[in-house]
Amino acid sequence: MRILLVKPHPQLLIAKRLQEGFLHLEPLELEIVAGGVPEEDEVVICDLGIEKNPMEAFHNYLHELNPDIVGFTGYSSQSALVRKLAEIVKGHNPSALNVVGGVHATIIPEDYAVKGIDIIVRGEGGTAFREIIRRHKQGMPLHFGDVSLSPGQPDFHVKAKQPPPPFPPVHEIPRARRDLVRRSKYFCVWTSAPEKKLDTMFPRTASMRTSIGCAFNCSFCVVHHIMNGKYLQRTPEDVVDEISRLKEDNIYFVDDETFLNKKRMTEIAELLLLKGIKKKYISWARSDTIVKHPELFRLWKKAGLGLVYVGLEAMRGSQLKNYNKRTDVETNRKAVSILREIGITLHASFIVDPDFTVEDFQSLEKDVLDLCPAEVTFTVLSPAPGTELFQKYKNDFICDPYLFYDCMHAIIPTRLGLKKFYAHFGRLSSVALRANPLRVNKVKVPRKEIMKVIYLGTKYIFALRNIYKDYSLKM
Ligand code: B12
């Protein structure tokens, strides 16, 4: 059986700019799905995000492989594109089976209930895909209760309204087939340099998932809906074994919350140290976790943790409360100083509320400069499809709330009007560049890369300021 797994390219300019300049991670979701494909079958991963001409590349893959099954992943902003690609598959070969999975399929399966899509997988895909192939080969029915949904089946709409099915036990999820992608294409900008020197700011970077889900339920986040509030954890031995097999020296933990279990994370760090595995890590962590367990982060610094992304979200208690973040400003401040004292570089992310006034932007600008040195980025508060917030604002959307759901495009009205809002939003990112650790700490980096980063950074900020022009885009 020939199988093609497809990750669509980003639809919105700002996401393209992010990928080309700062951060492009391997399609781990498809590598795991490919892990469920039996050895005797041929499987190809096509990441359209690395292609110069994605649509042409997609046609070429179809012609060269002539797949029996095509599997798509996709964010909400890509759902219309996924439907279009699925149609192209059927035009090429009407008997090919189109399977769609990923975050959007999991939370809004009914959006994929169209003629060209045969199976919608909600939740974990490696185990589901293994089962789909088995059944397809044996001519068995493909509609099977919890794991996946077939839009053609009579009970599709009833099932689509139920919460996503639980993930299987983590040890049943296949390992990622990392050999199926062009590994040299994936990188993450790296600004952590305690030795004041970096050989490259754009090291090749592998992605690792050590846990799935999150124990919190922030109002802007869909993860607790996807996972029904569950937090699944791989064992330290399993995690360290996979890390030890990675070719790359830099690793990005793509967990929703890596550090929630102190015991597990302590064991992982100790094992890495014991086995002499010397790699550098990037992870997300909550500010309250850092404050509660500074010694855990001290240990991880020894094990190679260089950069921690912290969703500080806001430096005002009322905003944190609105987001149901369950932290406070004092905790945010403490976390920042703990990371600084340990020598781990901070990447702080903030939420900009569409309701912001000019004074709110100015106050956030000051907060950013107070954090210096730190990488700082911003997202726009956007009701996430599948959450209560999305329901609450459903009559207020100013655009297609799926296509524009990238947490950069406001999908509800902005108090300042779009043009003015994005002028301030773009300015925030320029201010953040002043706080960048490389600049502040006068780190030596290759001259060629300085030119590159200035060029790409300018393009990024230009795209940010011009986001308001995107709203005429239709799929
Ligand atoms: C790490 C991460 C990133 C990484 C990129 C990861 C990557 N692989 O490329 C970075 C930091 C770059 C990133 C960027 C963005 N992200 Co992000 N990201 C995540 C995070 C935390 C984990 C995703 C991940 O890699 N998980 C590990 C993989 C292995 O698991 P998985 O994706 O869940 O896949 C499993 C199943 O879904 C299923 N499956 C998936 N695909 C398929 C396909 C088939 C055929 C089948 C059968 C099954 C299947 O099986 C997989 C294996 O178990 C999620 C939160 C989450 N839990 O989803 C947010 C999340 C996916 N991101 C989100 C968003 C909005 C973005 C941005 C748009 C935000 C921004 N403004 O920057 C950008 C977009 C970048 C782009 N290229 O377009 C949203 C998407 C919401 C939505 N409704 O679309 C999420 C859910 C965050 C949230 N809290 O709401 N992100």
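**Two domains and a ligand between them**

Domain 1 (2-160) and domain 2 (186-472) both contribute residues to the shell around the ligand, so the ligand lies between them. That is the main point today, and please keep in mind that this is a predicted model.

Let me begin with the domains. The assignment splits the chain into domain 1, residues 2-160, and domain 2, residues 186-472. Their centres, taken over C-alpha atoms, are 28 Å apart. How many residues of each domain are in contact with the other? On the domain 1 side there are 29, and they are in contact with 31 residues of domain 2.

Now the ligand. The shell around the ligand holds 35 residues, and the closest are Thr 73, Ser 76, Glu 124, Asp 256 and Asp 406. By type, the shell divides into 20 nonpolar residues, eight polar ones and seven charged ones.

Three side chains can be looked at one by one. Thr 73 has a polar side-chain atom 2.7 Å from a nitrogen atom of the ligand. For Lys 7, a polar side-chain atom lies 3.1 Å from an oxygen atom of the ligand. Tyr 75 places a polar side-chain atom 3.4 Å from a ligand nitrogen atom. Which elements give two or more residues to this shell? They are α1 (13-21), α2 (28-35), β4 (69-72) and α5 (103-107). The most come from α2, which gives four residues.

Next, the sheets. One is an open sheet of six strands, with the order β3-β1-β4-β5-β6-β7 and mixed pairing. Its edge strands are β3 (42-47) and β7 (148-149), each of which pairs on one side only. Inside that order, β4 pairs with β5 (residues 97-100) in the parallel sense, over four bridges. If you want a place to look, find Val 70, which stands opposite Asn 98 in β5.

Two helices lie across strands of this sheet. Helix α3 (residues 54-65) lies across β1 (2-7), β3 and β4, and runs at about 170° to β1. Helix α6 (residues 126-137) lies across β1, β4, β5 and β6 (119-121), at about 160° to β5.

There is another open sheet of six strands, in the order β9-β12-β13-β14-β15-β16, and here the pairing is parallel. At its edges stand β9 (205-208) and β16 (375-380); each has a single partner strand, so one side of each is left without a neighbour in the sheet. On average, neighbouring strands of this sheet are turned by 20° against each other, direction ignored. As a reminder for the first-years, strands of a sheet pair through backbone hydrogen bonds, either parallel or antiparallel.

At one edge, β9 and β12 (residues 250-253) pair in the parallel sense over four bridges, and Met 208 stands opposite Phe 253 in β12. Helix α15 (residues 358-371) lies across β14 (305-313), β15 (345-352) and β16, running at about 175° to β15.

Last, some backbone details. Most residues other than glycine have a negative phi, and most peptide bonds are trans. Which bond is cis here? The peptide bond from Cys 372 to Pro 373 is, with omega near 0°, and Pro 373 sits in the loop between α15 and β16. Arg 326 has a positive phi, near 55°, and is placed in the loop between α13 (317-322) and α14 (329-342). Cys 407 also has a positive phi, near 60°; its loop runs between α16 (388-392) and α17 (418-434).

Technical notes. Residues are numbered from 1 along each chain as its sequence is written. This is a predicted model: local features need pLDDT of at least 70, side-chain atom pairs count only at pLDDT 80 or more; totals for chains, interfaces and linings use all residues. Side-chain values use heavy atoms; hydrogens and water are left out. A residue is near a molecule or strand if one of its heavy atoms lies within 4 Å of it. A polar contact is a pair of N or O atoms within 3.5 Å; within protein, one must be able to donate a hydrogen and the other to accept it, and residues adjacent in sequence count only if both atoms are side-chain atoms. Ala, Val, Leu, Ile, Met, Phe, Trp, Tyr, Cys and Pro count as nonpolar, Asp, Glu, Lys and Arg as charged, and the others, Gly among them, as polar. Domain bounds come from an automatic or database domain assignment. Two strands pair if DSSP finds at least two bridges between them. Contact means heavy atoms within 4.5 Å. Axes are lines fitted to C-alpha atoms, for helices over the stretch in contact, and angles run from 0 to 180 degrees between N-to-C directions.
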